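Welcome! Take a moment to look over the sequence and turn the model around before reading on.

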Amino acid sequence: MHLVSDLIEKYIDQHSSAEDKVLSELSRETHLKVQMPQMLSGHIQGQFLEMFSGLIQPTRVLEIGTFTGYSAICLAKGLTDTGMLYTIDINEELQPMVEKYIGKAELTEKVKLLTGDARIIIPELKETFDLVFIDADKTNYSLYFDLIIDKVRLGGYIIADNVLWSGKVIEEKKDKDTLAIDAYNKKVQGDNRVENFILPLRDGLNIARKVK
Ligand SMILES: C[S@@+](CC[C@H](N)C(=O)[O-])C[C@H]1O[C@@H](n2cnc3c(N)ncnc32)[C@H](O)[C@@H]1O
């Protein structure tokens, strides 16, 4: 199910600031050379992440699920001068491509690539984060929330991607990934340490702010 019609998508695209040149090149190379290119955040969600990050001006950002680096670049653009983004991915094959585009975006000094399983890496991180972007394997979303919540500062944000899962969250019969996403949405809503809402942008973003 497309949450927004193709024509509306096209209109949104045509009436938003043009995609940054480096990001557009990265998107093109991802679509040409990488499997499942649709995993990349893309133009409009990327603009949202960049603007959100720019608004809160984080010094520490954690991304779970780098893929080819599109959202990492968007989020890193909002960092303060001394800011750093940590981004984790289990797939080491994409690292040279990520490094190339982080370099082209002139963000090499601000982005730390961590390769491995996020379930192992997150507990090892000593930083406190202003913003966390969860965008890896759906079945572990709830675990990622549990692993990061104590590492997020009061007033900090946790954004999770794909929380409407192409609309499958409202279907009666749910597959494993859909059940995991639905469980994540229910968990976040029921946790009084955060306040949240679901933004129906692209495949849905669950935006939570730590209040306790
Ligand atoms: C949807 S893609 C990320 C897209 C990226 N954030 C963007 O917007 O361009 C999900 C990524 O999560 C990674 N991933 C899956 N399971 C993981 C795990 N257990 N630990 C770390 N990364 C994982 C995959 O290799 C994949 O590159």
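Which elements each supply at least two residues of the shell around the ligand? They are helix H4 (70-76), strand S2 and helix H6 (118-124). Keep in mind that this is a predicted model. The points below start at the ligand, move on to the sheet, and then visit some helices.

**Around the ligand**
- The ligand is surrounded by 17 residues, and the closest are Ser41, Gly65, Phe67, Ser71 and Ala118.
- Sorted by class, this shell holds 8 nonpolar, 4 polar and 5 charged residues.

**The sheet**
- Seven strands may look like a tangle at first, but you can follow them in the order S3-S2-S1-S4-S5-S7-S6, which makes an open sheet of 7 strands with mixed pairing.
- Strands S3 (111-115) and S6 (194-199) stand at the edges; each has a single partner strand, so one side of each lacks a neighbour in the sheet.
- From one strand to the next, the twist averages 15°.
- A handy rule to remember is that strands of a sheet pair through backbone hydrogen bonds, either parallel or antiparallel.
- At one edge, S2 (residues 84-89) pairs with S3 in the parallel sense over 5 bridges, and tyrosine 86 has lysine 112 in S3 as its bridge partner.
- S1 and S4 are also a parallel pair, with 4 bridges, and here isoleucine 64 stands opposite isoleucine 134 in S4.
- S4 pairs with S5 in the parallel sense too, over 5 bridges, with valine 132 opposite isoleucine 158 in S5.
- Is S4 mostly covered or mostly uncovered? It is mostly covered, as 6 of its 6 residues are buried.

**The S6-S7 hairpin**
- S6 and S7 run antiparallel and are joined by 6 bridges.
- One bridge links phenylalanine 197 to its partner in S7, isoleucine 207.
- The two strands form a hairpin with 5 residues between them, and arginine 202 in the turn has a positive phi of about 55°.

**Helix H3 and glutamine 45**
- Helix H3 covers residues 43-56, and glutamine 45 has its place there.
- At 1.5 Å a residue, the 14 residues of H3 should span 20 Å, and this agrees with its end C-alpha atoms, which are 20 Å apart.
- Buried residues in H3 are His43, Gly46, Leu49, Glu50, Phe52 and Ser53.
- What covers these buried residues includes helix H1 (6-14), helix H2 (21-33), strand S1 (60-64), H4 and strand S4 (129-134).
- Why does glutamine 45 count as partly exposed? Glutamine 45 has 19 C-beta neighbours inside 10 Å, and a residue needs 20 or more to be buried.
- Leaving aside neighbours within four places in sequence, glutamine 45 is in contact with Leu201 and Arg202.
- Glutamine 45 and serine 71 are 26 residues apart in sequence, and their C-alpha atoms are 8.4 Å apart in space.
- Just after H3, glutamine 57 takes a positive phi of about 45°.

**Helices H7 and H8**
- Helix H8 (residues 176-190) lies across strand S5 (152-161), S6 and strand S7 (205-210), and runs at about 140° to S6.
- H8 also packs with helix H7 (residues 141-148), at an angle of about 35° and with the axes 8 Å apart.
- Where they meet, Tyr141, Ser142 and Phe145 come from H7, while Ala180, Ile181, Ala183, Tyr184, Lys187 and Val188 come from H8.
- By class, this contact of H7 with H8 has 7 nonpolar, 1 polar and 1 charged residues.

Notes. Residues are numbered from 1 along each chain as its sequence is written. This is a predicted model: local features need pLDDT of at least 70, side-chain atom pairs count only at pLDDT 80 or more; totals for chains, interfaces and linings use all residues. A residue is buried if 20 or more other C-beta atoms lie within 10 Å of its own, exposed if 12 or fewer, and partly exposed in between; C-beta atoms are placed from the backbone. Two residues are in contact if their C-beta atoms, placed from the backbone, lie within 7 Å. Two strands pair if DSSP finds at least two bridges between them. Axes are lines fitted to C-alpha atoms, for helices over the stretch in contact, and angles run from 0 to 180 degrees between N-to-C directions. A residue is near a molecule or strand if its C-beta atom, placed from the backbone, lies within 6 Å of it. Ala, Val, Leu, Ile, Met, Phe, Trp, Tyr, Cys and Pro count as nonpolar, Asp, Glu, Lys and Arg as charged, and the others, Gly among them, as polar. The expected span of a helix is 1.5 Å times one less than its number of residues.
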